[in-house]
Amino acid sequence: IFSIFRILNYPETDINIDGIPGKEFSGSNIIADQILQEKAAILESQGQIYKLHILYYSNQRNAQADNLFSQVLSTLKFD
């Protein structure tokens, strides 16, 4: 599941949510003459893969959307 973001050469960052390690990817791509902004977090816990992903069209990053993504990510809990 990481490979698609690596193929797109999105920078990746190690993350840890509620003790579960994972990766966060963030980047942009041009689709049909529009710029698609993406941010994704991928974690694996007890054999399950979790992905939180936000997409939006914009010429530049939307700090408010990225902050909201980070806030949602920080609320995740794993049993």
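This report describes a four-stranded sheet, the helix packed on it, and one residue of that helix, Asp66.

The model is predicted, so local features need pLDDT of at least 70 and side-chain atom pairs count only at pLDDT 80 or more, while totals for chains, interfaces and linings use all residues. Residues are numbered from 1 along each chain as its sequence is written, and side-chain values use heavy atoms, with hydrogens and water left out.

The four strands form an open sheet in the order 1-2-3-4, with antiparallel pairing. Strands are DSSP runs of E with at least two residues, helices runs of H or I with at least four, both numbered from the N terminus; two strands pair if DSSP finds at least two bridges between them. Strands 1 and 4 are at the edges, each with a single partner strand, so one side of each has no neighbour in the sheet. Neighbouring strands are turned by 25° against each other on average, direction ignored.

| Element | Residues |
|---|---|
| Strand 1 | 12–17 |
| Strand 2 | 20–31 |
| Strand 3 | 34–45 |
| Strand 4 | 48–57 |
| Helix 2 | 63–74 |

Strands 2 and 3 run antiparallel and are joined by 10 bridges. Phe25 stands opposite Ala40 in strand 3. Helix 2 packs on the sheet and touches strands 1, 2, 3 and 4 (contact: heavy atoms within 4.5 Å). The direction of helix 2 makes about 165° with that of strand 4; axes are lines fitted to C-alpha atoms, for helices over the stretch in contact, and angles run from 0 to 180 degrees between N-to-C directions.

Asp66 lies in helix 2. Asp66 counts as buried because its relative accessibility is 12% (buried: under 20% relative accessible area, 1.4 Å probe, protein chains only). Leaving aside residues up to four places away in sequence, Asp66 touches Lys39, Tyr56 and Arg61.

Notes. Buried means under 20% relative accessible area, exposed over 50%, partly exposed in between (1.4 Å probe, protein chains only).
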